[in-house]
Amino acid sequence: MKPQIRVDLQLIADMVEPATRALDVGCGDGSLLAYLVNFKRVDARGMELSQAGVNACVANGLSVVQGDADTDLRDYPDNAFDYVILGQTLQATREPRVVLRQMLRVGRRAIVSFPNFAHWQVRLRMMFGGRMPQTTSLPYKWYDTPNIHLCSIDDFRALCGEMGVSIERAIVLNSKSRPIHMPPLLANVFGEQAVFMLRRD
Amino acid sequence: MLQDLTDAERKALAQCRHAVLGEERPLRLDCGVDLGPYRIAYQTYGTLNAEKSNAILICHALTGDQFVADRNPVTGKEGWWESLVGPGKVLDPARYFIICTNVLGGCLGTTGPLANDPKGGQPWNLRFPVVTIGDMVRAQAALLDHLGVPDLFCIIGGSMGGMQVLEWAASLPERVFSAVPIACAARHSAQNIAFHEVGRQAIMADPEWKGGDYRLHQTAPARGLAVARMTAHITYLSEQALQRKFGRALQNRNALGFGFDADFQVESYLRHQGSTFVDRFDANSYLYITRAMDYFDLAGAHGGVLANAFRGSPTRFCLMSFTSDWLFPTRESREIVQALNAAAANVSFVEIESDKGHDAFLLDEPEMFRTLQGFLKGAAAVRGLGGLS
């Protein structure tokens, strides 16, 4: 029986073709890696910032090294992977643009998921609460958040355009983590998070 | 070839297996000398399966030996990695065919400076050719040929053992399915060469050393070798561990002695380490093996780019380092990881929190055991090795 993994991770896993090579940057406890290895026969590797996370992954038989998305992707050669995955981490990197560029150098495709800062709950909290928004996908207080480069779905699309990166797929999830099908303008309001698959042009 | 053994060698060879190799095809050493015949003393645990897919080679460190998991016949102490190897342990002989050889240049049964030069029949002593980590590995590979082991499911070693693991993976990648270099480096640092040089100078400054011919004169450079061991032993510990263990505690006295006896417990401890070492280790062998470590530079052997040593490597790697190890600090393991990433090799890396210094890899470190267990489980699944859970 297949294990239950987080909805956004399941969406990412579904985008990955079986028997390919993938690097999961910020792989956390390795649940996506384990899924890819065990159910999609993917040669999957991980990079994780926290040493405790790395040790737990390796003790589970996964290939993981300690590393930082901002600095350590440059160690890998061009086209080393079919997919480089960055789940809910882009907004915590120091240079998201550089990280995306590196991902698309190391991998033929990049899969990125991130919280949407233009979600209606965020907008309401800012507009009427007058305080930095706290939601289920953005649970931190302003002073302890690791998220230093938050963006909206439209911001992300714009960056892809500027960088000349093709968006192969975009899946927007509502606050119940269900995919929604709406025009981009509305998706940017009702989407709580998004998963993008990108390709170099 | 089996004549003129030391007592230690005789005891060791009575308790382990050995093979005489290189009689027809001598071993071409890095220094250019052809060595042969030569003897490899080794120990095995478990049996090779029908598919010949479950062999594990354990590589020992500078002063280690082939007695990984059974009583050392010279010291009477239990095997140096008995916490890891044995029934029900992470490396279980019921699952794996485990091999450990005494390294080339060693003094517990394998050919080294103690042996006789086949041409002339005199003891080699300092006329023994200088051997390298690469020579040790080629001798091990020759033994595997002799044993009919085509490739290794895994090769594991700490410190100098880790250097051998890296050399195996770089020079014989098709024979290494998975590799676990622990607390080691891809090249010996200036500081580490410096410490080794102090040790060697202590041995050679001992008048009993006699230019390496002490056995002919029926002497032994025990004081020099003891000082070498004392210096080296400090580098295996950490400041924190020394402080925790000894502090400034006095040895069998209530006040300072105003002399040069071992006033402090730490002095007494080091003297004990030195004096017990000379009972089990040969001074010339110590010179040769420290030299082999000093000469190790994997990047240097591959055009100055470490990643070149691992291009296209099919091997699965798992590196481990310890936070308080200042002899082979985490930084050095990380450099290897970077090189492996640059070669797009399959690599895992774990840094383990410990205050026990370099010695941690020989001690009871549950996180190291967990990591190795998980890594082997993953590797066994890919290899299709049965009987593993």
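Which residues of the largest nonpolar core touch the most other members? In this predicted model, they are A:Phe156, A:Leu198, B:Trp168 and B:Phe310, out of 115 residues in that core. Helix 2 of chain B supplies the largest share of the core, 8 residues. Domain 1 (7-192 + 297-383) and domain 2 (200-290) of chain B both contribute residues, so the core lies between them. As background, nonpolar side chains in soluble globular proteins tend to be buried together.

## The sheet of chain A

Let's turn to the sheet of chain A. Here 8 strands form an open sheet in the order 3-2-1-4-5-8-6-7, with mixed pairing. Strand 3 (63-66) and strand 7 (179-180) stand at its edges, and each has a single partner strand, so one side of each is left without a neighbour in the sheet. In general, strands of a sheet pair through backbone hydrogen bonds, either parallel or antiparallel.

Strand 5 (residues 107-115) of chain A is a good place to see both kinds of pairing. With strand 4 (residues 81-87) of chain A, strand 5 runs parallel, and 6 bridges join the two. If you would like to trace them on the structure, start with A:Phe81, whose bridge partner in strand 5 is A:Gly107. Further along, A:Leu86 has A:Val112 as its bridge partner in strand 5.

With strand 8 (residues 193-200) of chain A, strand 5 pairs in the antiparallel sense, over 7 bridges. A:Val112 turns up again here, with A:Phe196 as its bridge partner in strand 8. A:Val112 is thus a handy landmark, bridged to A:Leu86 and to A:Phe196.

How many of the 9 residues of strand 5 of chain A are buried? The count is 8, which leaves the strand mostly covered. Strand 5 also belongs to a right-handed β-α-β unit, together with strand 4 and helix 5 (residues 96-106) of chain A.

## Aromatic rings

Next come the rings. Over all chains, a search of the whole structure finds 18 aromatic pairs. Two of them are set out below.

| Pair | Centre to centre | Angle between planes | Arrangement |
|---|---|---|---|
| A:Tyr35 and A:Phe39 | 5.2 Å | 50° | tilted |
| B:Phe153 and B:Phe177 | 6.0 Å | 20° | stacked |

A:Tyr35 and A:Phe39 are 4 residues apart in helix 2 (residues 31-40) of chain A, so about one helical turn separates them. Are these two rings buried or partly exposed? A:Tyr35 counts as buried because its relative accessibility is 5%, whereas A:Phe39, at 33%, counts as partly exposed.

The pair in chain B joins two loops. B:Phe153 lies between helix 2 (133-147) and strand 7 (154-158), and B:Phe177 lies between helix 3 (160-171) and strand 8 (178-182), so the pair ties together parts that are 24 residues apart in sequence. Both B:Phe153 and B:Phe177 are buried.

B:Phe177 has a charged companion as well: B:Arg383 lies over the face of its ring, 5.1 Å from the ring centre. Elsewhere in chain B, the charged end of B:Arg229 sits over the ring of B:Phe277, at 4.5 Å from the centre.

Back in chain A, A:Phe114, A:Phe156 and A:Phe196 form one aromatic cluster. Two of these names are already familiar: A:Phe156 is among the core residues that touch the most other members, and A:Phe196 is the bridge partner of A:Val112 in strand 8.

## Backbone details to look at

Finally, a few spots in the backbone deserve a look. Most residues other than glycine have a negative phi, and most peptide bonds are trans.

A:Ala19, although not a glycine, has a positive phi of about 55°. A:Ala19 lies in the loop between helix 1 (7-15) and strand 1 (21-25) of chain A, and its relative accessibility of 49% makes it partly exposed.

A:Arg41 also has a positive phi, near 50°. The loop between helix 2 and strand 2 (43-48) of chain A holds A:Arg41, and this residue is exposed, with a relative accessible area of 59%.

In chain B, where is the cis peptide bond from B:Gly36 to B:Pro37? B:Pro37 is in the loop between strand 3 (34-35) and strand 4 (38-45) of chain B, and the bond has omega near -5°.

Terms used: Residues are numbered from 1 along each chain as its sequence is written. Chains are lettered from A and ligands numbered from 1 in the order in which they are written. This is a predicted model: local features need pLDDT of at least 70, side-chain atom pairs count only at pLDDT 80 or more; totals for chains, interfaces and linings use all residues. Side-chain values use heavy atoms; hydrogens and water are left out. Buried means under 20% relative accessible area, exposed over 50%, partly exposed in between (1.4 Å probe, protein chains only). Two strands pair if DSSP finds at least two bridges between them. A crossover is right-handed if, with the strands pointing away from the viewer, the path from the first strand over the helix to the second runs clockwise. Rings of Phe, Tyr and Trp (its six-membered ring) pair if their centres lie within 6.5 Å; planes under 30 degrees apart count as stacked, over 60 as edge-to-face and the rest as tilted. A charge sits over a ring if NZ of Lys or CZ of Arg is within 6 Å of the ring centre and within 35 degrees of the ring normal. A nonpolar core is a set of buried Ala, Val, Leu, Ile, Met, Phe, Trp, Tyr and Cys residues joined through side-chain atoms within 4.5 Å. Domain bounds come from an automatic or database domain assignment.
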